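Subject: Structure for you to look at, with notes

Dear colleague,

Here is the structure I promised to hand over. Please open it beside this message and keep it in view while you read.

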Amino acid sequence: MLQKPKSVKLRALRSPRKFGVAGRSCQEVLRKGCLRFQLPERGSRLCLYEDGTELTEDYFPSVPDNAELVLLTSGQAWQGWFRHVAQDCLTILGSSCPPTLAS
């Protein structure tokens, strides 16, 4: 029996755009995302937007519908939304942060 397509929200690392994509497998979503964002499929992968967990075919069925994913190309990293925001805040605040937070 074929698995029902899963709908996800997909964004590329350095793109403000977000697209809805559906696929029966991690590879299908990756392929469609690469086409949509005009990125190379080779070396690309998908991660959860919230915490940076990299998706595999085994993990893909447990991802909820409408989950937000980040499409990464070779050499790119994503450690999750919270960590990304925290790093941006530290960059903006710079030396006004206590040493324990800025280091």
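Below are my notes on what was found, with each term explained where it first appears.

This is a predicted model, in which local features need pLDDT of at least 70 and side-chain atom pairs count only at pLDDT 80 or more, while totals for chains, interfaces and linings use all residues. Residues are numbered from 1 along each chain as its sequence is written, and side-chain values use heavy atoms, with hydrogens and water left out.

We can begin with R11, which is found in strand β1, residues 6-12 (strands are DSSP runs of E with at least two residues, helices are runs of H or I with at least four, and both are numbered from the N terminus). R11 has a relative accessible area of 16% and is therefore buried (buried means under 20%, exposed over 50%, and partly exposed in between, with a 1.4 Å probe and protein chains only). The side chain of R11 makes a polar contact with that of E68 at 2.8 Å (a polar contact is a pair of N or O atoms within 3.5 Å; within protein, one must be able to donate a hydrogen and the other to accept it, and residues adjacent in sequence count only if both atoms are side-chain atoms).

The segment before β1 holds P5, which is partly exposed because its relative accessible area is 36%. Leaving out residues up to four places away in sequence, P5 touches A22, G23 and R24 (contact means heavy atoms within 4.5 Å).

Turning to the interior, the largest nonpolar core has 18 residues, of which L10, V29, L46, L55, L69 and L71 touch the most other members (such a core is a set of buried Ala, Val, Leu, Ile, Met, Phe, Trp, Tyr and Cys residues joined through side-chain atoms within 4.5 Å). The elements giving two or more residues to this core are β1, β2 (18-23), α1 (26-37), β3 (45-48) and β4 (67-72), and the largest share, five residues, comes from α1. Apart from this core lies another, of five residues, including C47 and W78.

Finally, the cysteines: the count comes to zero disulfides, where a disulfide is a pair of cysteine sulfur atoms within 2.5 Å. C47 is in no disulfide, as the nearest cysteine sulfur, that of C26, is 9.4 Å away. C47 is buried because its relative accessibility is 3%, and C34 is buried because its relative accessible area is 4%.

Best wishes
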